[in-house]
Amino acid sequence: MKKLFKLSLVLVMVALVGFFLVGCNKNNKKEENMTRVTVDINPSIEIIVDEDDKVVSVTALNDEGNIIIVGETIIGKTVEEAVNIIVSVATETGYLVKGEVEASENEIKVSVSGDEAAQTELYNKIKGEIESVVTNYNLDALVVQKEALKLEALKELAKEADPSLTEEELAQMNEQQLLNVLKKVRLERAELYSLELEKVYNQTKEYEIKLVEREETKKVIDALDGSYQKIKEEYASLVESFSNVVNSVEKAYYDNLVDPESTYQQKYLELLNKKAELISQKEEVANLEEGLEKEIAKKLLEAKVKEYNLVLQALDTMYEFVSKTIEACIAELRVVEQRLVEYQNSLPASVKENLTAKASEIETACNNAKDKFFEEFEKEYSDEIAYYKNLMLEQKAQLKEETK
C-alpha cells in the first residue's frame, strides 16, 4: 500500500504550552478586496473575485462542481465570463435540462458577499449574464438570489479550509481577511478535483505543521546536557507514540476512502455511472412529445432515480461505517496527545527558558514547512491527483456525449 504523507484526520492538536506557543504565524501582508460568489445548480461552485471583478480562485463545493470546472480556464476571467462558462458547461453536461421543463427545475442559485450596494450591483450583473446564456441555449431557467454567508459562517468556512487557524486568529479577522484566507487555500488545492483529496490535504497540512513544531521542540530538548537525559527519552517516547497512532488513522483513511481501489471508491464509480444514466434519461423525457413514449420514459426515469438513490444510500452507509473505525483511532490519538501536552506543561523552568530562547527558530521552521507543503503533497499524491482529475474529465465527456 502507498505510504501516506503524514495524514491526520483529527483537528485535536491543542496549543503548545505558553513558553513556546509560536503558532506558525501568518504573514501580515496587505489584504486585497475580495468578493465571494457561489453558483449552485446542484453542481455547486465558489468563485472569489478581486475588486476588478476578475476571478482569483474557483472551487467546486461538491463532486458535481468538480465535473463542471475540470479542464476549464476560469481564473483570470471576468465574473461574467466565469459564470458564462459554468452555466454553459452545466447545460452541455445535462445538469441544466434542455427541452420542455419548468423553469423551477433549472433553478440557478447565486450568492454574492460584500456591502449591500456592491452586492446588488454584482448580483444583477451575474443574473444578466446567466439569463443571456440560458436564452442562447433556449432553456427555461430560474435565477434566484441566495443569502450570502454571514461573518460567523465565513469564519467556520475559513477554519474548515485552513485548520491551522486558531480561534484567537479567527476572532480578530474581518470579512476581507477571511476571504483572503479562502483564496490562498483554494489556489493551493485547485488541481485536486476530489473532495476526499481536499480533506486529506487540509488535515495533512495541519498535522505536518504541528509535527514540525514538535520535532523542533525535541531538537531543543535533545541539545540539553546529560542531566536532562530522562526528559529527552520521555519526550521522544511520547512523540513516537503519537506518530504511531496517527499512522493507524492515516492507514484507515487511505485504505478505506482515498485509495482508488477501495470498496468505497468502487461504489463511488457506480454512483457516477448511475448519475450519468439519470441525467441522460431526464434529458430524453424533456425532449419527447406528450404521449405513450414519453410516459414510458418518465417511468424509466423514476426507476433511474431509485437506482441512483440506492447506490447513494449504500455509499453513505459505507462512509458511516468507516468513520466509526477512524473515530476509534482518533479517540486513542486524543489520549496520547493529552499525555504529550500534560508532559510539556510539567517541564522544568530551565527547559522552558531554552524553548523560549528558540521560539523564533521554531516559528521559522513552521513557516518554511507551510511554504513547502503543497510541493511535498503533490509529489506524494501525484498518482491520486492524476487519477481523480482524469476521472472527472472522463465523467464530463460521458455526460456531454449522453446529453447531445
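This report describes two helix pairs in a predicted model, together with the length and burial of one of the helices.

## Packing of H4 and H6

Two packed helices are described by the angle between their axes and the distance between the axes. For helix H4 (residues 151-161) and helix H6 (residues 175-188), the angle is about 30° and the axes lie 9 Å apart. Since angles under 35 degrees count as roughly parallel, H4 and H6 are therefore roughly parallel to each other, and their crossing is left-handed.

On the H4 side, the contact is made by Leu151, Leu154, Lys155, Leu157, Ala158 and Ala161, which meet Glu175, Leu178, Leu179, Val181, Leu182, Val185 and Arg186 in H6. Sorted by class, this contact of H4 with H6 holds ten nonpolar and three charged residues, with no polar ones.

## Length and burial of H6

The 14 residues of H6 should span 20 Å at 1.5 Å a residue, and the end C-alpha atoms of H6 are indeed 20 Å apart, so the two values agree.

Ten of these 14 residues are buried, so H6 is largely enclosed by the rest of the structure. The buried residues include Leu178, Leu179, Val181, Leu182 and Val185, and among them are also Gln176, Asn180, Lys183, Arg186 and Glu188.

## Packing of H8 and H10

Helix H8 (residues 229-258) and helix H10 (residues 292-345) have axes that come within 9 Å and cross at roughly 170°. With angles over 145 degrees counted as roughly antiparallel, H8 and H10 are therefore roughly antiparallel to each other. The contact of H8 with H10 comprises 20 nonpolar, four polar and five charged residues.

Notes:
Residues numbered from 1 in each chain as written. Predicted model: local features only at pLDDT ≥ 70, side-chain atom pairs only at ≥ 80, totals over all residues. Heavy atoms only, no water. Axes fitted to C-alpha atoms, helices over the stretch in contact; angles between N-to-C directions. Helix = DSSP H or I, 4+ residues; strand = E, 2+ residues; numbered from the N terminus. Parallel < 35°, antiparallel > 145°, perpendicular 65-115°, else oblique. Left-handed = near helix turned anticlockwise from the far one by under 90°. Contact = heavy atoms within 4.5 Å. Nonpolar A, V, L, I, M, F, W, Y, C, P; charged D, E, K, R; others polar. Expected span 1.5 Å × (residues − 1). Buried < 20%, exposed > 50% of the residue type's maximum accessible area, 1.4 Å probe, protein only.
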